[in-house]
Amino acid sequence: MTQVQIGIKKGRKFDQVLDGARKVFLRDGFEGASVDDIAREAGVSKATLYSYFPDKRLLFMAIATGECQRQADDALEFINEGDRPVREVLRYAANKLIDYITSPLGLQTYRLCVAETDRFPALGQQFYASGPLLVRSRMVDYLRKAVARGELQIEDFELAADQFAELCKVDAYHGFICGVTSDYPPARRARVIEGAIEMFLARYGARG
């Protein structure tokens with residue numbers, strides 16, 4: 001169990017606190033969100049909030065990891081709905097990934113991990129385990145099934161999953177992280193996604 005998990009205690013109003021905190025963090029960002037505002041939005045006292053989350057960083061990471069879990073579950077539901085073509089699944093996965101990494105919550109999570117991991121290593125470990133590793137795990141599961149159906153040819157599934165994720169970050173991601181861009185027009189985004197799919201299938205697509 002990580003230090004982050006040890007520091008969090010659940011109770012009757014736990015989900016209520018999370019719902020209120022998510023609204024405030026999305027509205028004001030990590031730095032701009034005050035404990036008073038979070039408690040007010042959640043309809044609880046500061047004492048109740050602190051009884052669950054003794055540190056604002058822990059609360060923010062709980063929101064971030066919960067969002068990663070939700071998106072991973074959505075992706076799994078989409079994939080399991082039927083035998084979708086590989087291109088359709090990859091396009092969906094790419095859009096989900098880009099949605100998150102360019103979102104205010106995704107950007108703030110990355111910046112917080114970078115800023116605080118030296119002092120609070122459990123923060124980065126917690127997010128990595130329930131965020132990037134979870135997403136990679138779901139992607140690997142799909143790739144294995146696609147290979148079993150003869151749709152792809154892959155030997156190193158973890159590497160292939162990581163490569164696809166990195167291909168989807170081309171162009172915009174570092175601009176968003178560094179704060180030099182905040183706009184990602186649909187045509188520019190589609191260009192990156194379709195390019196990622198084409199390159200991925202050129203390497204791993206099944207050959208007759």
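This is a short walk through one predicted model, starting with the whole chain and ending with single residues.

Let's start with the overall picture. The chain has 208 residues, and 42% of them count as buried. What is it built from? It has 12 helices and 0 strands. So the pattern along the sequence is easy to read out: it is alpha at every step, α-α-α-α-α-α-α-α-α-α-α-α. Along its principal axes, the C-alpha trace spans about 65 × 35 × 30 Å. Now the contacts. Take those between residues at least 6 apart in sequence. Of these, 68% join residues at least 24 apart.

Next, helix H12. It runs over residues 186–204, which is 19 residues. From first C-alpha to last it reaches 26 Å, close to the 27 Å expected at 1.5 Å a residue. Which residues of H12 are buried? They are Arg189, Val192, Ile193, Ala196, Ile197, Phe200, Leu201 and Tyr204. These buried residues cover an arc of only 155 degrees around the axis, which puts them on the same side of H12. Turn to the face of H12 that points away from that buried side. There you find the exposed residues Ala187, Arg191, Met199 and Ala202. And what covers the buried residues of H12? The cover includes helix H6, at 86–101, helix H9, at 132–148, and helix H10, at 157–168.

Two of those, H9 and H10, also pair up. Their axes come within 9 Å and cross at roughly 115 degrees. The crossing is right-handed. On the H9 side, the residues are Arg136, Met139, Val140, Leu143, Arg144 and Val147. They meet Phe157, Glu158, Ala160, Ala161, Asp162 and Phe164 in H10.

H9 has another partner, helix H5, residues 56–80. A word on how to read these pairs. Two packed helices are described by the angle between their axes and the distance between the axes. For H5 and H9, the angle is about 10 degrees and the axes are 9 Å apart. Under 35 degrees counts as roughly parallel, and H5 and H9 are therefore roughly parallel to each other. Their crossing is right-handed. H5 brings Cys68, Gln69, Ala72, Asp73, Leu76, Ile79 and Asn80 to this pair. H9 answers with Leu134, Arg138, Tyr142 and Lys145.

Stay on H5 and look at H8. How do H5 and H8 pack? The angle is about 10 degrees, with the axes 9 Å apart. H5 and H8 are therefore roughly parallel to each other. This crossing is right-handed. The contact uses Arg57, Leu58, Met61, Ala64, Thr65, Cys68 and Gln69 of H5. From H8 come Leu123, Gln126, Phe127 and Ser130. Notice Cys68 and Gln69 of H5: they meet H9, and they also take part in the contact with H8.

On to helix H7, residues 104–116. It has 13 residues and reaches 18 Å, close to the 18 Å expected. Its buried residues are Leu105, Gly106, Leu107, Gln108, Thr109, Leu112, Cys113 and Glu116. What do they pack against? The partners are helix H2, at 14–32, then H5, H6, helix H8, at 121–130, and H11.

Now some single residues. First, Arg188. Its place is in helix H12. Buried or exposed? At 28% relative accessibility, Arg188 counts as partly exposed. Leave out residues up to four places away in sequence, and Arg188 touches Asp171, Ala172, Thr181 and Asp183. Take Ala172. Arg188 and Ala172 are 16 residues apart in sequence and 9.0 Å apart in space, C-alpha to C-alpha.

Asp171 is on that contact list too. Where does Asp171 sit? It is in the loop between H10 and helix H11, at 173–177. Its phi is near 90 degrees, a positive value in a residue other than glycine. Asp171 is partly exposed, with a relative accessible area of 38%.

Last, Lys46. It lies in helix H4, residues 46–52. Lys46 is partly exposed, at a relative accessible area of 38%. Beyond its neighbours within four places in sequence, Lys46 is in contact with Val35, Asp36 and Ala39. Val86 is another matter. Lys46 and Val86 are 40 residues apart in sequence and 49 Å apart in space, C-alpha to C-alpha.

Definitions and conventions. Residues numbered from 1 in each chain as written. Predicted model: local features only at pLDDT ≥ 70, side-chain atom pairs only at ≥ 80, totals over all residues. Heavy atoms only, no water. Helix = DSSP H or I, 4+ residues; strand = E, 2+ residues; numbered from the N terminus. Expected span 1.5 Å × (residues − 1). Buried < 20%, exposed > 50% of the residue type's maximum accessible area, 1.4 Å probe, protein only. Arc of directions from axis to C-beta. Contact = heavy atoms within 4.5 Å. Axes fitted to C-alpha atoms, helices over the stretch in contact; angles between N-to-C directions. Parallel < 35°, antiparallel > 145°, perpendicular 65-115°, else oblique. Left-handed = near helix turned anticlockwise from the far one by under 90°.
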